[in-house]
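Reader: I am new to this structure and should like a close look at a single part of it, the nonpolar core. Please describe that part and then relate its surroundings to it.

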Amino acid sequence: MLDHVPEPANSPLYAYWCERSTYASEDRDEPDCFARYSATTPELAIQRLRDEARILLAGLPEAERPVLGWAEGVGRVRALGALHGGRTCGFSLRHGDGWSEWVVRPVPRGSADPAGATAVSFTEAVPCGVCALCAQGC
C-alpha cells in the first residue's frame, strides 16, 4: 500500500516550508493570523499541522468538530507521498466562524530560494490575538 512513498534514505534532501493563514470569519479577504515555519521531515510537517488543527478545533463543541481526514489515515499517507516526491500539498479547515489554510512545500536544501536558505530552523509567527493558536502561543 505504501509502495509510492520512497524510503527516506532514497529521498532528495529537502526541507519543508510551511505556511498557515487563519481567518476569523469567512467575510475576511486577508488572514488575521499568518505563520511561517519549517520542518526537517514530511512527518514533522504533517504532525505540526495536525496539532494546530486540533488546537483550533478544541474550542468547538464536540458535535461541531469535523473529522481530520486529511491529517489522518489515507489523507496523511497521500500528503506524505506527495512531500516525499517533492510536491507541494495544502489543507484547509473550517473551525467555527473561521477557517485556516496550510501549505507545505518541499524546498531543496541549499536552494537559492529564500525559504530554502532558512528552512532548516526557521520559525516566524505574527500573533493575531484572535485565533486559538495565538492564544496558546503556537
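Author: A nonpolar core is here a set of buried Ala, Val, Leu, Ile, Met, Phe, Trp, Tyr and Cys residues joined through side-chain atoms within 4.5 Å. Buried, in turn, means a relative accessible area under 20%. The structure to which these terms are applied is a predicted model.

In that model the largest nonpolar core has 23 residues, and those with the most contacts inside it are Trp70, Phe91, Trp102 and Val104. At least two residues of this core are supplied by each of S1, strand S2 (33-39), H1, H2, S3 and S4. H1 gives the largest share, six residues.

The setting of this core is as follows. The protein comprises four helices and five strands, and from the N terminus on its elements run β-β-α-α-β-β-α-β-α. Of its 138 residues, 38% count as buried. Among the contacts in the protein with a separation of 6 or more, residues 24 or more positions apart account for 62%. The accessible surface comes to about 7,600 Å², and 52% of that surface belongs to carbon and sulfur atoms.

Phe91 offers a way into the core. Leaving aside neighbours within four places in sequence, Phe91 is in contact with Ile46, Leu49, Trp70, Ala79, Ser100, Glu101 and Trp102. Two of these partners, Ile46 and Leu49, are among the buried residues of H1, while Ala79 is one of the buried residues of H2.

H1 has 17 residues, and from its first C-alpha to its last it reaches 24 Å, close to the 24 Å expected at 1.5 Å a residue. Its buried residues are Pro42, Ala45, Ile46, Leu49, Arg50, Glu52, Ala53, Ile55, Leu56 and Leu57. An α-helix has 3.6 residues a turn, so residues three or four places apart point the same way. Arg48 lies over the face of Tyr37, at 3.5 Å from the ring centre.

In the loop between H1 and H2 lies Pro61. Its relative accessible area is 46%, so Pro61 counts as partly exposed. The C-alpha atoms of Pro61 and Gly96 are separated by 9.4 Å, although the two are 35 residues apart along the chain.

H2 can be checked for length in a similar way. Its twelve residues (73-84) should span 16 Å at 1.5 Å a residue, and the C-alpha atoms at its ends are 17 Å apart, which agrees. The buried residues of H2 are Val77, Ala79, Leu80, Gly81, Ala82, Leu83 and His84. Their cover includes strand S1 (14-23), helix H1 (42-58), strand S3 (89-95) and strand S4 (98-108). After H2 comes Gly86, whose phi is positive, near 85 degrees.

Gly86 leads to Tyr14, for the C-alpha atoms of Tyr14 and Gly86 are separated by 7.8 Å, with their positions 72 residues apart along the chain. Tyr14 has its place in strand S1 and is buried, with a relative accessible area of 16%. Apart from neighbours within four places in sequence, Tyr14 is in contact with Thr40, His84, Gly86, Pro106, Val107, Pro108 and Arg109. His84, among these partners, is a buried residue of H2.

The aromatic rings deserve a separate word. A search of the whole structure finds two aromatic pairs. In one, the rings of Tyr14 and Tyr16 have their centres 6.2 Å apart and their planes at 55 degrees, so the pair is tilted. Tyr16 is buried, with a relative accessible area of 3%. In the other, the rings of Tyr23 and Trp99 have centres 4.2 Å apart and planes at 10 degrees, so this pair is stacked. Because Tyr23 lies in strand S1 and Trp99 in strand S4, the pair ties together parts that are 76 residues apart in sequence. Both Tyr23 and Trp99 are buried.

Ser21, also found in strand S1, is a further link to Trp99. Not counting residues up to four places away in sequence, Ser21 touches Pro31, Cys33, Phe34, Trp99, Ser100 and Glu101. With a relative accessible area of 13%, Ser21 is buried. Ser100 and Glu101 also appear among the contacts of Phe91, which returns the account to the core, where Phe91 is one of the residues with the most contacts.

Definitions and conventions:
Residues numbered from 1 in each chain as written. Predicted model: local features only at pLDDT ≥ 70, side-chain atom pairs only at ≥ 80, totals over all residues. Heavy atoms only, no water. Expected span 1.5 Å × (residues − 1). Buried < 20%, exposed > 50% of the residue type's maximum accessible area, 1.4 Å probe, protein only. Contact = heavy atoms within 4.5 Å. Phe/Tyr/Trp six-rings, centres within 6.5 Å; stacked < 30°, edge-to-face > 60°. Lys NZ or Arg CZ within 6 Å of the ring centre and 35° of its normal. Areas by Shrake-Rupley, 256 points an atom, 1.4 Å probe, with all protein chains shown as cover.
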